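Student: Could you take me through the strand pairing here in close detail, and then work outwards to the helices and the buried side chains around it? I would like each step tied to particular residues and computed values.

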Amino acid sequence: MTKNATTASVITRLSPAKINLFLHITAKRADGYHNLQTVFRLLNWGDYLHFSVSDKAITTIDRSEDVNNLCGQLLTLTGAEAITASIEDNLIFKAASTLLAAAIDSNKLPEQLPQVKVTLDKRLPMGAGLGGGSSNAATTLITLNEIWQLSFTQNELINIGATSGADVPIFIFGQDAIAMGIGEQLTALNLPDQQYLVLTPDAHVNTAKLFAHPKLQRDIAPLSIEAIKNHSNDYAQHLNTPYHNVFTPVVTSLAPAVDEALRYLHSLEAQALSTARMTGSGSAVFLPLDANVATDKALLEKWITDAPCPAYLVHNL
């Protein structure tokens, strides 16, 4: 399937995964969130969202109506039944509702809007640190902004998306980036093309539990954007000091399956000429591949077969 496709009434979009090449927490904020520094890399692998645009439109928009009720009239969602018990709790629906609220507040809501059916083709495991739910939300914001002709700019969509989750802005930004703040302060970054071996162990650690863990390091000295830009050799393929993922020791201590998967990738580092690591605060781990290794199909097939959990070969977007 192509990354993005359009028929007469159906728009299909890739909702890509992301990996964090490193992840630091620099401080806890007064609002309860944490300031971070990371480099996001988008992948050519993810979920797919299909937007079916109906010929039927709601012609009388009551701007005083509860926005969730309005969203329920305009949007139907299938393929997400196993994710949340209620559609209103799904990030796709929440993103659509937030977009409508922003359109009402900024007086951008048209007099009539077409109804849209969203079908989620879920391929990314949940809780893996690959940003699946946030990517779904971002893809929804971008696509409904087009379908409903709301004319929000990319920066406006990033601000709207930031209210839905810290990882949503990077998927609206749509390119590799240095992220700061809670993930909404983004600086574009050009990195060499790279292939990755990604493992997704069947494990999930509650995010709130991770952030409350006494061993989580929350006071990493902030690095300048220029330093991060100029030292990509220290985190792109290898992971040299001071770059690391602060969640790794906590997650591996709480989830033996993640520890096993990471140990497996560590055993391949000498051949891959790179450093294995965990992405985000979830369970997925990955190994960047040297260009010569990336073309050795027999070796890669063996690594996938021998892996202790599902393994995937993916490329940057």
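**Strand pairing and its surroundings**

Tutor: Strand β3 pairs with β6, residues 177-180, in the antiparallel sense, and 3 bridges hold the pair together. What follows, like that pairing, describes a predicted model. Within this pair, F40 has A177 of β6 opposite it. On from there, β6 is also joined to β7, residues 185-188, by 4 bridges, and the two run antiparallel. One of the residue pairs to look for is M180 with Q185, the latter being the bridge partner in β7. Between the two strands of this hairpin lie 4 residues, and the backbone of G181 adopts a positive phi near 70 degrees.

F40 leads on to another strand, since K18, whose place is in β2, has F40 among its contacts beyond four places in sequence. The other contacts of K18, counted in that way, are R41, L42, G129, L130, G131, D167, F171, T279 and G280. Is this lysine buried or exposed? With a relative accessible area of 2%, K18 is buried, the cut-off for that term being under 20%. Its side chain also makes a polar contact of 2.5 Å with the side chain of N20. R13 is likewise found in β2, which spans residues 10-28, and R13 is buried with a relative accessible area of 16%. The side chain of R13 has a polar contact of 3.0 Å with that of T143.

A further sheet deserves a separate description. This is an open sheet of 4 strands in the order β9-β10-β8-β11, and the pairing is antiparallel. The edge positions belong to β9 (277-278) and β11 (311-315), and each of these has a single partner strand, so one side of each lacks a neighbour in the sheet. As general background, the strands of a sheet pair through backbone hydrogen bonds, in either the parallel or the antiparallel sense.

Strand β8, residues 195-199, is joined to β11 by 5 bridges, with the two strands running antiparallel. Along this pairing, Y196 lies opposite V314, while L197 lies opposite L313. Towards β10, β8 again forms 5 bridges in an antiparallel arrangement, and here L199 is placed opposite V285. How many of the residues of β8 are buried? The count is 4 of the 5, so this strand is largely enclosed by the rest of the structure. Something does cover part of this sheet: helix α9, residues 256-266, lies across β8, β9 and β10 (285-289), and α9 runs at about 10 degrees to β10.

Turning to the helices, we can come back to β3 by way of α1. The buried residues of α1, which covers residues 67-74, are L70, C71 and L74. Viewed down the helix axis, the buried residues of α1 fall within an arc of 100 degrees, so they line one face of the helix. That spacing can be read against a general rule: an α-helix has 3.6 residues a turn, so residues three or four places apart point the same way. The elements that the buried residues of α1 pack against are β3 (34-58), β4 (75-78), α2 (91-105) and β5 (113-121). At the start of α1, a side-chain oxygen of D66 comes to within 3.1 Å of the backbone nitrogen of N68.

One of those packing partners, α2, contains A103, a residue that is buried at a relative accessible area of 0%. Leaving out residues up to four places away in sequence, A103 touches K108, L109, L150 and F152. The C-alpha atom of A103 is separated by 9.3 Å from that of S151, although the two residues are 48 residues apart along the chain.

The cysteines complete the picture. C71, which is among the buried residues of α1, counts as buried because its relative accessibility is 0%. C309 is buried too, with a relative accessible area of 14%. With a disulfide taken as a pair of cysteine sulfur atoms within 2.5 Å, the number of disulfides in the model is 0.

Conventions:
Residues numbered from 1 in each chain as written. Predicted model: local features only at pLDDT ≥ 70, side-chain atom pairs only at ≥ 80, totals over all residues. Heavy atoms only, no water. Buried < 20%, exposed > 50% of the residue type's maximum accessible area, 1.4 Å probe, protein only. Arc of directions from axis to C-beta. Contact = heavy atoms within 4.5 Å. Polar contact = N/O pair within 3.5 Å; in protein donor to acceptor, adjacent residues only side chain to side chain. Pairing = 2+ DSSP bridges. Axes fitted to C-alpha atoms, helices over the stretch in contact; angles between N-to-C directions.
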